[in-house]
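Colleague: I would like to go through this structure with you. Please set each value against its definition.

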Amino acid sequence: MAQTRIFMNASRSEADILFKLLDARFEEDGLPISVFEADEENGRFEISLYAEREEADRVFQEVDEAVAQLSAPPQLFREDLPDIDWVAHSLEGLKPVRVGRFLIHGSHDRNLRRIGDLAIEIEAGLAFGTGHHGTTAGCLQAIADLLKREKPRNALDLGTGSAVLAIALARAARIPVLATDIDPVATQVAAENARLNGVGALVEAHTAPGFHNRIFAERKPFDLIVANILARPLMRLAPQMANHLTPGGTLILSGILERQRDAVVASYVNQGFRHIRTQAREGWVTIVLRR
Ligand code: SAH
């Protein structure tokens, strides 16, 4: 059934108080509540409650009343989580998506481009990645945020799918991007999409499961790696990620469910990474780490 996430931001001590308050208030209703550190540098936490869509208005109201008892009540936000229907999902490829300066669109929506947009044209097709999925959008957001502060010089997009992230990086930063995928069909689509988006010379696509390809030794070290795969393979890849990233380099991981987040962060901290930020979207999290 479709769910709505009701969430708020808080410092560590406020988060403790909010969690206890909400846990006690909604224990009987059995509503799941999660707390995670959204921004380690600034010590910000995100507290989320998950309600069934039909009850979301009522729960939102109740949460609002519950936190109103506090001296400084946090601002409440809500987002409807998609009830993922994969057929409808592939049809969503028809709608354009905006994330930061990036506009991901199909060929029929070229007229929506505005001055200043970094427009990327991707047709919904055989490879994953039209920008609609929360994980892709989360990575695009993390890339947009990173590029505001620094300019990477040599990037890797592992699990590239349609190459949407590799193209975004190449277009926005004008840097070479190695784009790899375990699936040879995706690699083909990736190369074709890069060419169609004018970055065929910057994006090089190769088929490889994880880091199993000589190309990695030739192209490493990377100062930015983006990998939108899934929690388990990402945890297994942690030592090799460390091995292929420069010290101080940035790693953006996605394809991780909120409840898997701590385990993924722990396996990277074990490899000498520092957690910078976690961002949630539609039940998925995107994690930014630095080596
Ligand atoms: N980067 C795109 C696609 C993500 S989907 C986006 O963000 O939208 C995940 C992709 O990773 C799929 O294309 C899948 O084939 C690939 N993949 C899964 N496991 C992999 C592995 N171990 N090594 C390389 N690619 C992998």
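Modeller: Let us begin with a term: a polar contact is a pair of N or O atoms within 3.5 Å; within protein, one must be able to donate a hydrogen and the other to accept it, and residues adjacent in sequence count only if both atoms are side-chain atoms. This is a predicted model, where local features need pLDDT of at least 70, side-chain atom pairs count only at pLDDT 80 or more, and totals for chains, interfaces and linings use all residues. Residues are numbered from 1 along each chain as its sequence is written, and side-chain values use heavy atoms, leaving out hydrogens and water.

Colleague: What makes the approach of Gly159 to the ligand a polar contact?

Modeller: A polar backbone atom of Gly159 is 2.9 Å from a nitrogen atom of the ligand. The limit is 3.5 Å, so the pair counts. Thr160 also offers a polar backbone atom, 3.3 Å from a ligand nitrogen. Thr136 uses its side chain: an N or O atom there is 2.7 Å from a ligand oxygen. The protein covers 84% of the 580 Å² of accessible area that the ligand has on its own. Such areas come from the Shrake-Rupley method with a 1.4 Å probe; for residues, only the protein chains shown count as cover.

Colleague: Which residues come nearest to the ligand?

Modeller: They are Thr136, Gly159, Asp181, Gly210 and Asn228, out of 17 around the ligand. A residue is near a molecule or strand if one of its heavy atoms lies within 4 Å of it.

Colleague: Why is Thr250 called buried?

Modeller: Buried means under 20% relative accessible area, exposed over 50%, and partly exposed in between (1.4 Å probe, protein chains only). Thr250 has 2%, so Thr250 is buried. Thr250 sits in strand 12 (residues 245-257). Helices (H or I, at least four residues) and strands (E, at least two) are DSSP runs, numbered from the N terminus. Among the residues that Thr250 touches are Leu146, Asp223 and Val288. Touching is contact: heavy atoms within 4.5 Å.

Colleague: Why is Val269 called partly exposed?

Modeller: Val269 has a relative accessibility of 43%, so the label is partly exposed. Val269 belongs to helix 10 (residues 261-269).

Colleague: How do you know that the span of helix 2 agrees with the expected value?

Modeller: The expected span is 1.5 Å times one less than the number of residues. Helix 2 (residues 56-67) has twelve residues, so it should span 16 Å, and its end C-alpha atoms are 16 Å apart. Its buried residues are Ala56, Val59, Glu62, Val63, Ala66 and Val67. Seen down the axis, they fall within an arc of 125°, so they line one face of the helix. That arc is taken from the directions from the helix axis to the C-beta atoms. The face turned away from the buried side carries exposed Asp57 and Glu65.

Colleague: What makes helix 5 mostly covered?

Modeller: Eight of the ten residues of helix 5 (residues 164-173) are buried. Among them are Val164, Ile167 and Ala173.

Colleague: What makes the phi of Ala163 worth a remark?

Modeller: Phi of Ala163 is near 75°, a positive value in a residue other than glycine. Ala163 lies in the loop between strand 8 (155-158) and helix 5. Its relative accessibility is 0%, so Ala163 counts as buried. Glu282 also has a positive phi, near 55°. At 28% relative accessibility, Glu282 counts as partly exposed.

Notes. Lists of a residue's contacts leave out its neighbours within four places in sequence.
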